[in-house]
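Visitor: I'd like to learn how to read a model like this one. Could you walk me through it, feature by feature?

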Amino acid sequence: MNYTVRKFDAVIVGAGGAGLRAAIQLSEAGLKTAVITKVFPTRSHTVAAQGGVAASLGNSEEDHWHWHMYDTVKGSDWLGDQDAIEYMCRKANEVVIELEHYGMPFDRLDNGRIYQRPFGGHMSNFGEKPVRRSCAAADRTGHAMLHAMYQRNVKVNTQFFVEWQALDLVRDADGDVLGVTAMEMETGEIVVFEAKATIFASGGAGRIYYSSTNAFINTGDGLGMAARAGIPLEDMEFWQFHPTGVAGAGVLITEGVRGEGGILRNSAGERFMERYAPNAKDLASRDVVSRAMTTEINEGRGCGPNKDFVLLDITHLPPETIMKRLPGIHEIALQFAGVDCLKESIPVVPTAHYQMGGIPTNFLGQVVVPKNGNHAEPVPGFYAAGECACASVHGANRLGTNSLLDLLVFGKSAGETAVADLKRSAAAHKPLPKEAIDRTLARLDRLNRQTEGSNVDETRLAMQRNMQKNCGVFRFKDLLKQGVERILEIEERVAHTEIRDKSRVFNTARIEALELDNQIEVAKATMISAAARLESRGAHVRDDAPDTPERPNGRDDANWLKHTLWFREGNRLDYKPVHMKPLTVDTIELKKRAY
């Protein structure tokens, strides 16, 4: 088949925070850069980030990057790589000030410095008390960030391909990544974007769950593409459930609400977090708060006619504070919960929010995989950043506001590394293999030819319900086993999905089927990895691995202080050690995690 080839120095898949930050680095270096995105850049899912970006600026009280590093390692339940975590926390102030210079409209203190609010798990002096570390633009931080970086990209002539669906990685016989195949949604045209550097910044896959804070575009496209190309996925058993999604809707209520003084209450009006985290209370780490809320509900202290949610109370805050610092939350509460949060509490429930795992990378943004069963090495020409990547700075549980920091630091890092690699090699494009688009054509041909197959919507719903039931906030041995069996059955249905309305405008049915191909890879990786990890750690809590003196928090550090690698071929699992040695400071040693 004849197909169009477009040549670039670099191609980036995804135009959220990580993709835009990487693109700035590449375009400012004079490289011809393309960004492929399913939606207009300022509608990428980063736009939904509300609470802020973490940086130890110390604008309101004393703070230090080393304290931030400690909090992040502790928050990760020691599964985070300490070299990458140190790198991120050291770089935080730099990337936030850069963002300010791009025109980011941060809220300000009276002295003109960036306003900072407390956030869950962020403490001063190595866990002593909560600290103001989150740099915020009201409760629309991600929205402001995207606009600032998109405008910067326009200035430096980054080329955007909007409403294009990336389909598959192109690799040659040496395993080098040479670009991607993609489809223009409106026309169905297939194009090979040939590049010397390919950066995935395609976001997460929260839509594998039935109840999620994620946008409908979050279908794990980069992860599915990587898995089909033989790249493993790392630590996919670890999914963060945000404590405060609007009950019945899943829409996010930022942790910034609790940072501004919001209180979680049960049906008796009790501030129950004092029992679970006596020091941090409502600002404990997200997995701790989510489990506390779920326990309250499971033990009959939930609210509402079905006792299936708790209440987030900010009625004690001055109305002017709410309307200045949390105007979007006031609007969300009205629209999605039907309550005026100035006068009534908001019904909330833990909701699938963020994947801690992803495509394995180092802190330079290079994708690294084991070679011939030995030490992990970079995949030539391939980089990743943001939620689709696993550096690993979040380990088993991410601290709030570290996600926006992650995409800034590692978006920039991936861009810097790609620029350095391209300038060092100064080579021409490698020739495309003859089979460059074979995988893509085979997928499209299957969809075009399939008749009397599975319905895409019904199959996706079966996957989402399976994930929600069998791999949620609390995990049970029998449910995990059942979940693995069920997800493999659903995989068979995905392989025979049928596009029943092939005439729909903008290839909507075809796009949804192609997205489901990616979602099922992420769902398999998650379920299989979760069933295999025989301990509780961070967001992964099993009923058969309780908290005991011998195993603090249910962790089994002797056997499970290691990263999971899931390979699509044969659903094979492998493991690699956690990098416990930081870059310049002493290792933050293992201990019981308490708030």
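**Starting from one residue**

Guide: Sure. This is a predicted model, and a single side chain is a good way in. Leaving aside neighbours within four places in sequence, D168 is in contact with G179, V180, T181, M225, R228, R439, T440 and R443.

Visitor: Where does D168 sit, in terms of elements?

Guide: D168 belongs to strand 7, residues 164-171. As a general idea, side chains in a regular strand alternate between the two faces of the sheet.

Visitor: And is D168 buried or exposed?

Guide: For that you look at relative accessible area, where under 20% counts as buried. D168 comes in at 2%, so it is buried.

Visitor: Which side chain does the side chain of D168 make a polar contact with?

Guide: That would be R228, at 3.0 Å. R228 is also one of the residues on the contact list of D168.

Visitor: Let's move to helices. How do I read helix 1?

Guide: Start with its length against the expected rise. Helix 1 covers residues 17-28, and its 12 residues reach 17 Å from first C-alpha to last, close to the 16 Å expected at 1.5 Å a residue. Then check what comes after: helix 1 is followed by G30, which has a positive phi, near 85 degrees.

Visitor: How many residues of helix 1 are buried?

Guide: 11 of the 12, so helix 1 is largely enclosed by the rest of the structure. The buried ones are G17, A18, G19, L20, R21, A22, A23, I24, Q25, L26 and S27.

Visitor: Which residues of helix 10 are buried?

Guide: In helix 10, residues 327-337, they are P327, G328, I329, H330, I332 and A333. Next, see what they face: the buried residues of helix 10 pack against strand 11 (239-246), helix 6 (256-259), helix 9 (319-325) and strand 14 (346-355). After helix 10 comes G338, again with a positive phi, near 70 degrees.

Visitor: How about cores? Which residues touch the most other members of the largest nonpolar core?

Guide: The trick is to find the hubs, then ask which elements feed in. This core has 71 residues, and the hubs are V53, M145 and F410. Elements giving it two or more residues include strand 1 (4-13), helix 1, helix 4 (141-155) and helix 11 (402-425). Helix 11 provides the largest share, 10 residues.

Visitor: What does V53 touch?

Guide: Not counting residues up to four places away in sequence, V53 touches V96, F106, R133, S134, C135, T141, M145, T401, L404, L405 and L408. Apart from the core of V53 lies another, of 69 residues, with M183, I359, V379 and C388 among them.

Visitor: Last one: sheets. In what order do the four strands of the open sheet come?

Guide: Read across the sheet rather than along the chain. The order is 11-14-13-12, with antiparallel pairing. Strands 11 and 12 are the edges, each pairing on one side only. From one strand to the next, the twist averages 45 degrees.

Visitor: How many bridges join strand 13 to strand 14?

Guide: Three, and the two strands run antiparallel. There, L311 stands opposite P347 of strand 14. Strand 12 (residues 263-265) and strand 13 (residues 310-313) also pair antiparallel over three bridges, and I263 has D313 in strand 13 as its bridge partner.

Conventions: Residues are numbered from 1 along each chain as its sequence is written. This is a predicted model: local features need pLDDT of at least 70, side-chain atom pairs count only at pLDDT 80 or more; totals for chains, interfaces and linings use all residues. Side-chain values use heavy atoms; hydrogens and water are left out. The expected span of a helix is 1.5 Å times one less than its number of residues. Buried means under 20% relative accessible area, exposed over 50%, partly exposed in between (1.4 Å probe, protein chains only). A nonpolar core is a set of buried Ala, Val, Leu, Ile, Met, Phe, Trp, Tyr and Cys residues joined through side-chain atoms within 4.5 Å. Contact means heavy atoms within 4.5 Å. A polar contact is a pair of N or O atoms within 3.5 Å; within protein, one must be able to donate a hydrogen and the other to accept it, and residues adjacent in sequence count only if both atoms are side-chain atoms. Two strands pair if DSSP finds at least two bridges between them. Axes are lines fitted to C-alpha atoms, for helices over the stretch in contact, and angles run from 0 to 180 degrees between N-to-C directions.
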